[in-house]
Amino acid sequence: MWAYIARRAIQALFTLLIITVLCFILTRLSADPLAQYATNPNMSTADKEALRERLGLNQPLPVQYFKWLGLAIQGDLGNSFFSKQPVSLMISQRLPNTLKLMFTYEIITILVSLVLGIISAVRQYSLLDNVITTFSFIGFSMPIFFIALGAMLIFAVKFKEWGFPYLPTGADIWDQKDPLEYIKHMILPVSCLVIIGTAGYARFIRTSILEVLGQDYVRTARAKGLSNRMVLYKHALRNAALPLVTIIGLDIPGLLGGALVTESVYAWPGMGRLFWEYAQRGDFPVVLGILLIISSAVVIFTIITDVVYTFVDPRIRLS
Amino acid sequence: MSTSDMTILKAEPIAPPLTPQQLIWRRFSKHRLAIWGMLGFGLLLTFIILGSILVTDKKANEVDLQARLSPPTQLHWMGTDSTGRDIFARMIHGGQISLIVGFLSVIFSVSLGAIVGGVAAYYGGWVDTILMRFTEAMLSIPSLFLLIVLGKYLGRDMQTITVFGQSYSGSVAIVIVVIGATSWMYLARIVRANVLSLREMDYISASKSLGATDVRIFFRHLIPNTMGAIIVSSTLGLAGAILNEAYVSFLGLGVQPPTASWGNMLTSAQSFIQRGAWWMWVFPSMFIIITILCINLMGDGLRDAFDPRSTRHL
């Protein structure tokens, strides 16, 4: 067990190293970090060279990489070129917003799709199942900005026009400290995320329940006279929940990154939007910092998921 | 066995056994939704190909400031956008771009995935370790973030490309590479797993002892035997690629205007939706959704056809 975890941890470190090299090359070279000064009349070419020298941008790339890595290991992700703030501070300001949005979404999605998935599986090929199946197929064929823009058009723009109580879109300035305001601003982005998320999850739950319901031990349970309800909740659901554990475990680190598109459409002050804003400016310390945090979370959670899995499913042995 | 059975058997002409392809087709054609998906996709292709012949790309890029933001009318069937370009014509040419991007990036990612997965499994050892760590590293970065970073990296300088007398923004080529390079990882893993088990088969040792080269074994024996997985994942990958094109273009990193794509048409819709220009949003979205839905349905049918054990999925 511990040997397994240790081996996985070493592999994970290697993977993380590759991630940092890859991301460093891509982000460092994708744009000139000093592009914002290019048209500044107050800075001469000599000034720019001096600044470049001071920031260490004229050193060979491997040197820059190891300097960055050395500081990153100690928790210092450098400063943003644009806002001059430390990257870790910027992330810690945005992270709570993202987590509130994403965890609300994740919990609602799991609950809704459990209900839909169970109904679908138990009444396979019924009208209700067909409706749910159709919706989930359409749902995961849909880019999220389709729903995001549509919901904005209807519930924000049109409702305002028609004189109904309308939902805010986030384009307006709002007080993030006021809990009521906060929740109001969350409604639209969370709903859009839930619709898309449910499409995939519900389908997945349906499939895994159906798979379990077709197994011998379920037939045995039925044969010994258990009620359908008992069979479903006592036997089938528990085993059907196993693959769900994996999926959720692998999705959780993704929640840190937030929903880039949804956050951008609704101007939600979260990580996804932070990433997008600074990626556009070519501000590589910020972009690199966010990438490092999210992918480390992914790598760590993959190991945790695998280990947890052996606890919930004793049939699986770590090797 | 009684004699009457024997006579029946003799009277019936024995059909030649079905080839694997026929079996797959038979299973596929029983999948009603998949057939609908195929029909829908065929219609869509016809629409775009016929449309491209009938409506020139000049028409799609024609600016008419008099007719800015016009709702659907007799003249402009799907309305016009913020510079008065006809949305119907742009749908056709945008669809052409979206599908070209989809197909080419799938070809790119499938080749990459098959080669990486195949090489890793066939050679094993440190080649396998390094390739699979790299695959895992790519998989650990959320795909949209990776798309953006790679898009920014490759999009530093762009030129205009001319193919068949039509000029495309160089961004099209970049988008293809970006999407292809960020979506090969799952296939690489599937191919690796398949090749790992195939490698131990007797016929591989047989061809080795007959003196077949690695390249020959790879392309003649290993890859054809994982074709099922490759076909299924490239079909589903096509849907993913078209969706990804829409995402990166929507974020302004993809296909650059004036070349239309379904994704970048939606980018401009974003700013005008507040003013109620619903047609700019509805038509491109509908085409994206229908296309992807059809391809996904086909992919589902193909998966069931290639892997009879998974028929329960629908």
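Tutor: Helices (H or I, at least four residues) and strands (E, at least two) are DSSP runs, numbered from the N terminus. This is a predicted model, where local features need pLDDT of at least 70, side-chain atom pairs count only at pLDDT 80 or more, and totals for chains, interfaces and linings use all residues. Residues are numbered from 1 along each chain as its sequence is written, while chains are lettered from A and ligands numbered from 1 in the order in which they are written.

Student: OK, how many helices and strands does chain A have?

Tutor: Reading along the sequence, the pattern is α-α-α-α-α-α-α-α-α-α-α-α. The secondary structure of chain A comes to 12 helices and 0 strands.

Student: Which element of chain A has the highest mean pLDDT?

Tutor: pLDDT is the predictor's confidence in each residue, from 0 to 100. Chain A averages 85, with 96% of its residues at 70 or more. At the low end sits helix H2 (residues 45–54) of chain A with 76, and the highest mean, 91, belongs to helix H4 (residues 87–122) of chain A.

Student: Where does H4(A) kink?

Tutor: The bend at a residue is the angle between axes fitted to the seven residues ending there and the seven starting there. In H4(A) a kink of about 30° comes shortly before the proline A:Pro96, at A:Arg94.

Student: And how far apart are the end C-alpha atoms of H4(A)?

Tutor: The expected span of a helix is 1.5 Å times one less than its number of residues. H4(A) has 36 residues, so it should span 52 Å; that agrees with its end C-alpha atoms, which are 50 Å apart.

Student: Which helix gives the most to the side of chain A that touches chain B?

Tutor: Two residues are in contact if their C-beta atoms, placed from the backbone, lie within 7 Å. On that basis, 39 residues of chain A meet 35 residues of chain B. With 10 residues, the helix giving the most to that side of chain A is H1(A).

Student: Which helix of chain B gives the most to the largest nonpolar core?

Tutor: A nonpolar core is a set of buried Ala, Val, Leu, Ile, Met, Phe, Trp, Tyr and Cys residues joined through C-beta atoms within 7 Å; buried means 20 or more other C-beta atoms within 10 Å of a residue's own, C-beta atoms being placed from the backbone. Of the 151 residues in the largest core, A:Ala148, A:Leu149, A:Phe275 and A:Val287 touch the most other members. Giving the most to this core, with 15 residues, is chain B's helix H14 (residues 278–306).

Notes: A residue is buried if 20 or more other C-beta atoms lie within 10 Å of its own, exposed if 12 or fewer, and partly exposed in between; C-beta atoms are placed from the backbone.
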